[in-house]
Amino acid sequence: MKLIEKRVVLHFPGFEPLDGAAHRARYERSARQSAAVWGYSIETDAPEAGSDPLSFEVTTGNGAETYPAGWRTKSRIHMVDHDVFVRRLRSGNTLSQIIAGFRSFIQIVLEGGMLGYFRHAWRFGLFFLFPFLLTALAIALTAQIAFLPSCFGFSAWHMLWSGPLGLCFFIFAFLPFSERFHTLHLFADWEMAVALGRMNRADFNEWLEDRADAVRKALDEEADEYVISSHSMGSNVAAHVIGILLEREPDLFKGKRVVFATLGSAILQCALLSSATQLRARVGLIARCPDISWLDVQCLTDSINFYKVPVVAVSGHPDAPQAKMILIRVKQMLTREHYRKIRKDQLRVHRQYVLGPDLPAPFDFTILTSGPMPAFVFANTDEKRIPG
């Protein structure tokens with residue numbers, strides 16, 4: 001098998017309050033962990049000045065300068081983050097964020113999204129419901145406190161103290177408690193899901209077109225392999241951006257080795273909405289592109305993904321080539337103590353796809369994006385990740 005000497009990576013991170021620089025810093029930390037576990041060398045360069053999306057070079061090797069005496073791989077990584085929308089959706093006051101969140105909830109229910117979640121991945125359906133049920137319960141308790149005097153037959157004048165008391169409960173008790181579960185952040189995530197499904201917001205649509213232009217320029221660089229990786233909500237952004245490029249240039253990837261790796265993908269979070277016709281069409285374009293090999297990395301212990309669900313078929317393309325499912329276990333990547341510490345935090349478990357390992361495991365994000373082996377070796381569980 002020919003080793004990769006030069007690679008171009010386009011990574012679409014998930015819905016997190018991190019810009020390109022923060023994602024690069026995380027990548028560097030995770031890469032150091034991976035190198036220590038597998039016993040190879042790695043060097044992560046500073047970001048390229050003025051790059052948009054932020055890009056940097058990663059060099060991996062086994063201590064020798066060149067292959068075949070040793071192996072050496074250079075990967076240019078472009079972080080196509082959507083932090084601009086994370087910040088925009090979280091910029092309003094608490095009341096406006098709650099209203100926007102519940103509006104998204106109603107839209108998703110009316111468009112059949114919730115029904116689809118429970119039909120295909122009931123744990124994802126519970127993930128969808130949880131922040132809204134929690135907040136609805138808090139609102140009901142707040143109202144109960146406010147109307148408590150009337151329950152005991154007291155004058156309505158007593159609401160002058162019970163009303164503020166209920167409000168204090170919501171602001172000073174519930175909101176801090178809810179932050180443990182990232183409730184308002186999840187509200188914003190669902191608002192973005194609706195926008196990427198409906199494609200009815202000019203700011204989102206213009207930004208996607210702009211990202212497509214930037215990604216197109218990155219693809220002009222010569223390389224042995226092109227890896228388009230995405231995590232969680234970033235998979236929807238990636239599907240739209242790559243779909244836009246294929247709509248413009250159907251033969252864009254001809255002659256290139258391209259791997260589309262979706263990690264803990266949330267494509268069906270948006271694609272199951274009845275209005276998401278454009279997203280589903282773009283999923284079909286990617287699946288039918290003969291030059292793209294699609295790896296869909298899923299995890300049993302991650303409730304925020306569609307485990308064992310064929311994303312291409314469920315998106316309306318059962319006759320198209322299906323993404324190759326890669327099933328992983330987070331507990332195989334971490335020490336027992338580390339896994340025990342994080343296993344109850346579902347968002348933390350969900351992030352592990354792009355974080356460094358404690359142990360050699362069948363999946364490693366750093367090796368996928370900057371290792372010497374072609375990325376598609378992850379489709380074969382018996383294949384070596386690092387040449388010995």
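Student: Is the crossing of H5 and H8 left-handed or right-handed?
Tutor: This is a predicted model, in which local features need pLDDT of at least 70 and side-chain atom pairs count only at pLDDT 80 or more, while totals for chains, interfaces and linings use all residues. Residues are numbered from 1 along each chain as its sequence is written, and side-chain values use heavy atoms, with hydrogens and water left out. A crossing is left-handed if the near helix is turned anticlockwise from the far one by less than a right angle, and right-handed if clockwise; that of H5 and H8 is left-handed.

Student: How are H5 and H8 set relative to each other?
Tutor: The axes (lines fitted to C-alpha atoms over the stretch in contact, with angles from 0 to 180 degrees between N-to-C directions) of helix H5, residues 122-146, and helix H8, residues 183-198, come within 10 Å and cross at roughly 125 degrees. Because of that angle, H5 is placed outside the roughly parallel (under 35 degrees), roughly antiparallel (over 145) and roughly perpendicular (65 to 115) classes, and its setting to H8 is oblique.

Student: How many charged residues are in the contact of H5 with H8?
Tutor: Taking contact as heavy atoms within 4.5 Å, Phe124, Phe127, Phe128, Pro131, Phe132, Leu134 and Thr135 of H5 meet Thr183, Leu186, Phe187 and Trp190 of H8. Ala, Val, Leu, Ile, Met, Phe, Trp, Tyr, Cys and Pro count as nonpolar, Asp, Glu, Lys and Arg as charged, and the others as polar. By class, the contact has nine nonpolar residues and two polar ones, and the number of charged residues is none.

Student: Which residue in the loop between helix H7 and H8 has a positive phi?
Tutor: The loop in question links H7 (159-178) to H8. Phi is near 55 degrees, a positive value in a residue other than glycine, in the case of His182.

Student: How are H9 and H10 set relative to each other?
Tutor: Helix H9 covers residues 202-218 and helix H10 residues 234-248, and they pack with their axes 9 Å apart, at an angle of about 70 degrees. That angle makes the setting of H9 to H10 roughly perpendicular.

Student: How many charged residues are in the contact of H9 with H10?
Tutor: The crossing of H9 and H10 is right-handed. On the H9 side the contact includes Trp207, Glu209 and Arg211, while Val237, His240 and Arg248 are among the residues of H10. The contact has nine nonpolar residues and one polar, and its charged residues number five.

Student: Which helix gives the largest share of the lining of the largest cavity?
Tutor: A cavity is, on a 1 Å grid over the protein atoms alone, a set of points where a 1.4 Å probe fits but cannot get out, and lining residues have an atom within 4 Å of a point. The search finds three cavities of 30 Å³ or more, and about 100 Å³, counted as the space filled by probe spheres set on the points, lies in the largest. Its lining, which includes His23, Arg26, Tyr27 and Ser30, takes its largest share, four residues, from helix H1 (residues 20-38).

Student: Which strand gives the most to the lining of the second largest cavity?
Tutor: That cavity holds about 70 Å³ of space, and helix H11 (267-271) and strand E7 (292-299), both DSSP runs (at least four residues for helices, at least two for strands) numbered from the N terminus, each supply at least two lining residues. With three residues, the most comes from E7.

How values were computed:
1 Å grid on protein atoms, 1.4 Å probe; cavity = no way out; pocket = protein on both sides within 12 Å on 5 of 7 lines; lining within 4 Å.
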